[in-house]
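Q: Please take a close look at one loop of this model, and then walk me outward from there through the surrounding fold. I would also like to hear where the prediction deserves caution.

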Amino acid sequence: MDAVISSRCPSTPQWNIDRPFLTGNFHQEVKSSSVPAEPKENSVDFSLGSEKPIGCYNASLQELIVIDDLLSALTGIDGRYITIKKVGGSEDCFSFHVDGSMDLSLQESAKRIFPLCKSYLLINQFVESRSQFKSGLVNHAFAAALRALLLDYQAMVAQLEHQFRLGRLSIQGLWFYCQPMMGSMQALSIVIRKASTNNFVGSAVLNLLQSQAKVMAGNYLARSLLEKMIDSANSAYLGILERWVYEGVIDDPHNEFFIAENKSLQKESLTQDYDATYWRQRYSLKDDIPSFLANSTETILTTGKYLNVMRECGHTVQVPALENSKLINFGSNDHYLECIKSAYDFASGELLNLMKDKYDLIGKLRSIKHYLLLDQGDFLVHFMDIARDELAKTPNEISVEKLQSLLDIALRSTAAAADPLHEDVTCSVDTCSLLRRLSTLKDLQTGETMAETEEPVSITGVETFSVNYKVQWPLSLVISRKALTKYQLIFRFLFHCKHVHRQLCGAWQLHQGARARDMHGTAISTSSILCRNMLKFINSLLHYLTFEVLEPNWHVMHNKLENAKSIDEVIQHHDFFMEKCLKECSLLSPTLLKKLEKLKLVCLQYAAATQWLMNSIEDTDSPSNESCKVLLKLRKPSKKPNSPTQESSVIQCVRKFEREFTNELQSLRPILSSRAQAEPYLTHLAQLILGVGMDQHM
């Protein structure tokens, strides 16, 4: 961290370090030469005493000499018989030595004052070392407050010296005047020693002062002094905080603020990266948090984030000035907390109104519901008709540009053309199946161990086609790449269900055409019942997905968004909506999803074989049969019966599809029944699907 701070701040001039006489440390570094002083009136000439032990003088003269040395020691200067030495070369450890021949009572009196002298030296040392650029704004403010305290302290020493020169100060009087400051200076020296030892900066200094003030709760003078130091040190920190909560800007050249900015994360990643962490990690909390802000950290972080979003949108951000809006720590008044709350309320409401009014967040979500959740799917019917041949190809063979042009035609030629947002819809083609794609998204809470999914031998565009949606900043905070990916997963499931439904409808039309030509028999009847059961299954599934899952959850989310108080609540409600839809659509249950996919596959295989089954029943092709071929282009079955003209072979083939479909339904029953108790939303799906297939046994 020191390297980071050093790169941002100017360095202390070398001459300030090399020339000790420019600092307050030279008294301990260099011994000043003793020059005989001119005797003054009403003063004692001590020049001769510098060569003799103090014990050579009588007690009254010794007292005068000791008082003079103590007055020097109180400002960190060596006396004649009281010297100051650093212990072990340490910057913050000092020892005081007295002449051994000094009167014992005077020695004891002097030793009682030495702690005050040591506290002064420690404070003075701290002020000089923490006044450098690299120490940070909090240490600068703390050192400035200490410097002001030392000026008062030095004024007191000067007054004592004046009284001494007038002959009015005794050793007991010196102790009497020094005693009130002993506790306060020692309390400060404890703080300074800890701060110097641990090289505290920023929040750590503030927390240290706060904790020491609590410890000194019983000492009114010491606590009051520490609270003044806290207010002074806080002023620098609250200045940084003020710019953050009022402007959304981190003005922290010394890296002291408890909010860190990661400039490598750009807002563009929200629309490109599924795992984008811009909103959570662009601005994040550090570990060192001032104790007086510990309960407001999330509010402070969120306030600045909201203001920053508006600023990046080009929106003029100015928190309205309130009375006493300056962030100042008024001790127990906590006025700064009211200012922070007021700033949060403004930023939250302003950003939410900006998203809803200027950028039409609700309208955008409603448009996504139309196109990705197939709320208004008339364009999809037209698209599936004109893109049928292209979607029948493998993903590698599909031309995305051609699909996009076909999608544009479908959008412009249906009711979607009236929607000004339809131009934001684009097409995309995945390279793997839905099950495989779900298995690659590790953050989805499936609740089950996702086994390695076997990819189908050949998948077509029907299984991999999806639509995308263009979302710009700042709406990408809510509709991020991750959210769009989840929408696409639901779309792919719905789209494939719609495809299966269309294929079965085509098969049903063939059966109705056969009835119109008075074609009767066991094969037609059996096949018709099977087709009806398959249609009932797929209709039940689509009904469940749309009317039991998507629509109710959408209305719940819409109501919550209307009443949301902040953009974080909007994001939370939207994410909850997506997770709930994925879960209730069975996309987060691999076992259940595989069963549903298997059932759809059986339906598609049966629909593809229906054309051949109808031809096998007829003796010759008829014009009406040709018209049925035009209605539905079906795949050729992989294997034909040996005698396609015989009704028994046709019945056998239909029975085979019937058994496979029934077996898959039967295997689905215990899964739905067992999970419906723990997951109530499956009750509706179980009620709709478990009744399928009963007609064929009646």
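**A buried serine and its surroundings**

A: Setting aside residues up to four places away in sequence, serine 586 touches Leu592, Leu593, Leu596, Leu682 and Leu685. This is a predicted model, and the serine sits in the loop between α21 (567–584) and α22 (590–617). Its backbone deserves a look too: phi at serine 586 is positive, about 70°, although the residue is not a glycine. Is this serine buried or exposed? Its relative accessible area is 1%, so serine 586 counts as buried.

Leucine 587 takes us from this loop to the core. Beyond its neighbours within four places in sequence, leucine 587 is in contact with Leu434, Leu438, Leu489, Ile490, Phe493, Leu582 and Leu593. Leu593 therefore appears among the contacts of leucine 587 as well as those of serine 586, by the contact cut-off of heavy atoms within 4.5 Å. Leu587 is also one of the residues with the most contacts inside the largest nonpolar core, together with Leu74, Phe383 and Phe537. That core has 197 residues, and helix α20 (residues 522–562) supplies the largest share of it, 15 residues.

For a comparison with serine 586, turn to asparagine 255. Asparagine 255 has a positive phi as well, about 60°, and is not a glycine either. It lies in the loop between α9 (220–247) and β3 (259–261). Here the relative accessibility is 23%, so asparagine 255 counts as partly exposed, whereas serine 586 is buried.

Another backbone feature is worth a visit. The peptide bond joining tryptophan 473 and proline 474 is cis, with omega about 10°. Proline 474 is found in the loop between β6 (465–469) and α19 (481–516).

Strand β6 leads on to helix α16, since β6 is among the elements that cover the buried residues of α16. The others named in that cover are α13 (361–372), α14 (378–386), α15 (388–391) and β5 (425–429). Helix α16 itself (residues 400–412) has 13 residues and reaches 18 Å from its first C-alpha to its last, close to the 18 Å expected at 1.5 Å a residue. Which of its residues are buried? They are Leu403, Gln404, Leu406, Leu407, Ala410 and Leu411. Seen down the axis of α16, these fall within an arc of 165°, so they line one face of the helix. The face turned away from that buried side carries the exposed residues Glu401 and Arg412.

A brief word on the cysteines: a search of the whole structure finds zero disulfides. Cysteine 56, at 54% relative accessibility, counts as exposed, while cysteine 313, at 16%, counts as buried.

Finally, the matter of confidence. The chain averages a pLDDT of 80, and 78% of the residues score at least 70. Among the elements, helix α6 (residues 137–165) has the highest mean pLDDT, 93, and helix α23 (residues 623–631) the lowest, 39. Over residues 619–646 pLDDT stays under 50, and the model has 38 contacts beyond four places in sequence for that stretch. Residues 693–698 also stay under 50, with eleven such contacts. Where pLDDT is low, the predicted coordinates should not be read in detail.

Technical notes
Residues numbered from 1 in each chain as written. Predicted model: local features only at pLDDT ≥ 70, side-chain atom pairs only at ≥ 80, totals over all residues. Heavy atoms only, no water. Disulfide = S-S within 2.5 Å. Buried < 20%, exposed > 50% of the residue type's maximum accessible area, 1.4 Å probe, protein only. pLDDT = per-residue confidence, 0-100. Helix = DSSP H or I, 4+ residues; strand = E, 2+ residues; numbered from the N terminus. Expected span 1.5 Å × (residues − 1). Arc of directions from axis to C-beta. Core = buried A, V, L, I, M, F, W, Y, C linked by side-chain atoms within 4.5 Å.
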